[in-house]
Amino acid sequence: PGENDYTLSILSQIGTSISIICLFATVLLLYIVRCVRECLSTKIHINFSLSLLLALIFFSINTSTSAPGLYCKLMAGLTQYFFLTTFCWMTVEAVGLYRAVVLVFTSASNKTFLIAAASVAWGLPAVTVIVLLSLQEDVYQTHLNLRLVRMSLHSDHKRRHPTHLGYGDNELRSSCSSKQEAG
């Protein structure tokens with residue numbers, strides 16, 4: 001099992017790195033080309049791609065660092081925030097497509113829609129993360145809560161590799177709690 005975890009870890013790092021490079025290229029190209037940038041759907045795509053790019057960057061940082069305490073909580077909170085913003089921007093993409101296809105003759109302007117959508121897509125996840133942290137300060141330390149990053153505790157306790165997303169059990173703990181226990 002330890003060898004498979006290591007292989008999955010390497011494949012995850014390679015896949016995440018390729019995704020980060022391609023998302024960076026996407027954001028750059030959509031932003032540079034002026035005639036494309038003016039379109040509402042392109043502005044939504046830029047925000048969605050930027051959100052996913054930042055989520056993957058913080059996810060990669062969170063899985064590769066071993067700093068305990070406040071830094072770990074901050075990285076986990078930022079990772080959660082940017083994944084939530086990604087889901088919000090997917091919803092904005094769906095509403096934008098609905099407006100373009102079904103509501104062809106809408107009275108609301110695209111600028112008003114984009115400002116409202118950006119406020120919700122960037123703001124609602126921030127409220128969610130802040131409320132979560134204010135209600136339960138150690139939300140990123142206990143292994144019974146939903147975790148974004150898991151570390152497998154191998155029998156030799158010398159090597160730790162990120163494995164999967166999901167709920168905690170006796171064998172898997174969050175990166176924050178396992179790094180604090182190891183230190």
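Let's start with helix α3, residues 40-64, and helix α4, residues 70-101, which pack at an angle of about 160 degrees with their axes 8 Å apart. That angle makes α3 roughly antiparallel to α4, since anything over 145 degrees counts as roughly antiparallel. Please keep in mind that this is a predicted model.

As for handedness, α3 passes α4 in a left-handed crossing. And what sort of residues make up the contact of α3 with α4? By class, there are 20 nonpolar, 7 polar and 2 charged residues.

Now let me zoom in on two residues of α3. Ser-51 sits in that helix. Is Ser-51 buried or exposed? Its relative accessibility is 0%, so Ser-51 counts as buried; the cut-off for buried is under 20%. There is a polar partner for the Ser-51 side chain: one of its polar atoms lies 3.3 Å from the backbone oxygen of Phe-82. Leaving aside residues up to four places away in sequence, Ser-51 touches Phe-82, Thr-85, Thr-86, Trp-89 and Trp-122. If you have the structure open, Phe-82, Thr-85 and Trp-89 are worth remembering, and we'll meet them again in a moment.

The other residue is Thr-42, which is also placed in α3. Thr-42 has 7% relative accessibility and therefore counts as buried too. Which backbone oxygen does the side chain of Thr-42 approach? That would be the one of Val-36, 2.9 Å from a polar atom of the Thr-42 side chain. With residues up to four places away in sequence set aside, Thr-42 touches Leu-30, Val-36 and Arg-37.

Right, on to the next pair of helices. The axes of α4 and helix α5, residues 110-135, come within 9 Å and cross at roughly 150 degrees. α4 and α5 are therefore roughly antiparallel to each other. Here, α4 passes α5 in a right-handed crossing, whereas α3 passes α4 in a left-handed one.

Who meets whom in this second contact? On the α4 side, the residues include our friends Phe-82, Thr-85 and Trp-89, along with Gly-77, Tyr-81, Cys-88 and Gly-96. Facing them from α5 are, among others, Phe-113, Ala-117, Ala-121, Trp-122, Pro-125 and Val-129. The residues of the contact of α4 with α5 divide into 16 nonpolar, 6 polar and 1 charged.

So here is one last thing to look for on screen. Ser-51 of α3 touches Phe-82, Thr-85, Trp-89 and Trp-122, and those four are listed where α4 meets α5. Thanks, everyone!

Key: Residues are numbered from 1 along each chain as its sequence is written. This is a predicted model: local features need pLDDT of at least 70, side-chain atom pairs count only at pLDDT 80 or more; totals for chains, interfaces and linings use all residues. Side-chain values use heavy atoms; hydrogens and water are left out. Axes are lines fitted to C-alpha atoms, for helices over the stretch in contact, and angles run from 0 to 180 degrees between N-to-C directions. Angles under 35 degrees count as roughly parallel, over 145 as roughly antiparallel, 65 to 115 as roughly perpendicular and the rest as oblique. A crossing is left-handed if the near helix is turned anticlockwise from the far one by less than a right angle, and right-handed if clockwise. Ala, Val, Leu, Ile, Met, Phe, Trp, Tyr, Cys and Pro count as nonpolar, Asp, Glu, Lys and Arg as charged, and the others, Gly among them, as polar. Buried means under 20% relative accessible area, exposed over 50%, partly exposed in between (1.4 Å probe, protein chains only). A polar contact is a pair of N or O atoms within 3.5 Å; within protein, one must be able to donate a hydrogen and the other to accept it, and residues adjacent in sequence count only if both atoms are side-chain atoms. Contact means heavy atoms within 4.5 Å.
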